[in-house]
Amino acid sequence: MKIMFLNGALTGQTMELSPAGATIGRESDNTIQLPMGGVSRYHAKIERDASGNWLIRDLGSTNGTLVDDVPVIGASPLAAGAVITIGDQLLRCMDSEAAPAPNPAPAAPQTAPQPAPQAVSQSQTFFFRPQNTTSSVPTATGPVPEQPKPAPAPAANPAPISPAEVPHGLFKKKQDKPRSSGPKKLLSNVIFALIVLLIAIVGLWLFLKLSEPQQTPSNQPTVKKKVDNPFVLYYEKESVTGTAVFRFVLQIENGRMEVTLDEPQNKRRYYELFKEPIPDALIAKLKQQILDTGFMELQQEKIAGTSQDNRQHRRIMVGFDNKFCDVKVSNDVSETFNRVETIINETLLDEYDLGVISQNVDRILEDARTFLFVAEEAFRSIDTTPSNLPKAITNYKLALRRYQLFDDPKPPEWKTARDGLAAAEAKLEEIRLEGQKNVRLFYEQREYDKAVAECNRLLAIFPPDSKTYQAIRETRIKIEKKMSLRNN
C-alpha cells in the first residue's frame, strides 16, 4: 500500500509502506513524522491483520483519528482511496502499482493472402482499408491503375460520364474548356494567399491578447496571502544521573497547555491539562519575545558534553504562521536556546506557578531548605522586629509548597515548615485582633493621635495586598479626617 500526502509541505508525495506497517506521530522516531497541530507524539499505526488486510489503529491520541470522516475506535480497515485525517494532515491510501501485463500472444496466421506493399508501423494497431470496392480512389496499399480516357461524344448530345470512368480529382463542370493559367490567375492567387495570411495573423493576435494574465494596476500593491498556522510550543527537559531519571514536558496546542513530570526514583509524577485556554495576549507576547531572540532562524546544533553517567538534554520546538524551528541541545551549548528557555520560564511557568514542578528533586530540596532557614530566622526576630512576621509566613509557604511535591513519607523538614507556618499565622491573627482593639479604644477616647500611630504600626506588619491592610488603611484615613475637623 502507498500513502499520498494531500496537504502540507509534502503535498503530492507518496510513501510505499513496508509489510511491517508504519507509525504516525509528532516524535522523530515515527515512520511518518507530522510536526503540526493536532498530532500527538505517537498518534496512530498502520498495520496488516492476520489475513493480510491493511488497517489503522489509533494509539490513544488526544484529537483522535478519522477514516473518511469516521472516528477510528480501536482499529479501522483501510481500502484504496480512503482518506485518513490526523490532526491537520490528510493522507490518501493507494494500491501499489501493478506489474506490467505480459506481451499478448501472437495472432493466428490469416488465411487470406496479405498484400505485399508498404510496411505498417507496429504502433498502428487499428486501421481502415476499403475492401471489395470498384472505386478508383487510391489506397495506402498500392498504386492506382491508370484508367483509359473516355471517347469523345458527339457535341450535340453528349453521353453522361460515370464517376468510375473519370480519374480521381478530375471532376469538372465543363470538360471541353481548359483552365486559364495566365497573369490574371496568378495575381488572384497571390491576393487570396495574402488575405488568408492576414486573417491568420489577426486571429493569432486576438488569441494571445485574450490569453494574457490580468495585470495588477501599478497604483495597487500586490497583497500576499498570509499563512496563519496556529501557535505550537513543545518544551522538554530530561536528565539522567546514574539511575535517577528526570523528565519535564510542557506543550501548547490549540491554545491549551499540557504539563507532565516524571521522576520515578523519587516517586514524583504530575500531569495537568489546563481547561482554560491561554489568553491571546500571552500567546502574542510569547511570539514576539521568541522572534526577538532569533530562535526561529536557529539550526539544529550538535549535542555535546554528554556522558553515560550524567546527561542533560533540553528541547524546544516552536511553530506559528509560516515559521517552524525544532532544536535539541545538551547542557549550555547555545546562548540563543538559553534565552528562549528563560522566556518560557518567566512567561509561562511563573505565570501558572509551575516553576517548582519543572525542577528536579535535588534543586527542589535545596530551595526548600533555604526558604525554611529564612522563615525560621524571621520568626525568631518578631519580638524585636514585628515587620519580619509576613516575611516568615511567605518563606514558610514557599518551603512547604516544595515539600508537598513528595509522596509519603515526606522529608522530615516538611513537618517543621507546616508547624512554623501555623504558628506564624496564629501570631499574625493575634496581632490583628489586639491592634483592632487598641484602635477602637483610642478612637472612643478621642485619642486620635494614638489611634493613627497604632494603625501605622499594623500597616508595617501586614502585606499591602491583604484585605487586613486595606481595612486598616481606610480606618486611618477616617481617623485623620476626624482629626482635621476637630482642629478646624
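In the predicted model, phenylalanine 462 touches Pro390, Leu428, Arg432, Thr468, Tyr469 and Ile472, leaving out residues up to four places away in sequence. Phenylalanine 462 also belongs to the largest nonpolar core, which comprises 35 residues. Together with Leu389, Tyr396, Tyr403 and Ile479, Phe462 is among the residues that touch the most other members of this core. Two or more residues are given to the core by each of helix H4 (361-380), helix H5 (389-403), H6, H7 and H8. Apart from this core lies another, of 33 residues, which includes Leu298, Val340, Leu348 and Leu349. Such groupings accord with a general tendency: in soluble globular proteins, nonpolar side chains tend to be buried together.

Among the helices that contribute to the largest core, H7 was examined further. Helix H7 spans residues 448-459 and has 12 residues. The distance from its first C-alpha to its last is 16 Å, close to the 16 Å expected at 1.5 Å a residue. The buried residues of H7 are Tyr448, Ala451, Val452, Glu454, Cys455, Leu458 and Leu459. Because these residues cover an arc of only 160° around the axis, they lie on the same side of H7. Helix H6 (413-444) and helix H8 (467-487) are included in what covers them.

Val340, one of the members of the 33-residue core, is also in contact with threonine 293. Threonine 293 is located in helix H2, which comprises residues 280-293. With a relative accessible area of 13%, threonine 293 falls under the 20% limit and is therefore buried. Beyond its neighbours within four places in sequence, threonine 293 is in contact with Thr336, Arg339, Val340 and Ile343.

The strands considered next form two open sheets. In general, strands of a sheet pair through backbone hydrogen bonds, either parallel or antiparallel. One sheet consists of 5 strands in the order E4-E3-E5-E6-E9, and its pairing is mixed. Strand E4 (32-33) and strand E9 (75-77) are its edge strands, each pairing on one side only. Strand E9 pairs with strand E6 (residues 54-58) in the antiparallel sense, over 3 bridges. Within this pair, isoleucine 56 has serine 76 of E9 as its bridge partner.

The other sheet contains 6 strands, arranged in the order E2-E1-E11-E10-E7-E8 with antiparallel pairing. Its edges are occupied by strand E2 (14-16) and strand E8 (70-71). Each of these edge strands has a single partner strand, so one side of each is left without a neighbour in the sheet. The partner of E8 is strand E7 (residues 65-67), to which E8 is joined by 2 bridges, the two strands running antiparallel. Valine 67 has valine 70 in E8 as its bridge partner.

The loop between E7 and E8 contains aspartate 68 and aspartate 69. Although aspartate 68 is not a glycine, it has a positive phi, of about 55°. A positive phi, of about 65°, is likewise found for aspartate 69, which is not a glycine either. As to accessibility, aspartate 68 is partly exposed, with a relative accessible area of 43%. Aspartate 69 has a relative accessibility of 64%, which is over the 50% limit, and therefore counts as exposed.

Key:
Residues numbered from 1 in each chain as written. Predicted model: local features only at pLDDT ≥ 70, side-chain atom pairs only at ≥ 80, totals over all residues. Heavy atoms only, no water. Pairing = 2+ DSSP bridges. Helix = DSSP H or I, 4+ residues; strand = E, 2+ residues; numbered from the N terminus. Expected span 1.5 Å × (residues − 1). Buried < 20%, exposed > 50% of the residue type's maximum accessible area, 1.4 Å probe, protein only. Arc of directions from axis to C-beta. Contact = heavy atoms within 4.5 Å. Core = buried A, V, L, I, M, F, W, Y, C linked by side-chain atoms within 4.5 Å.
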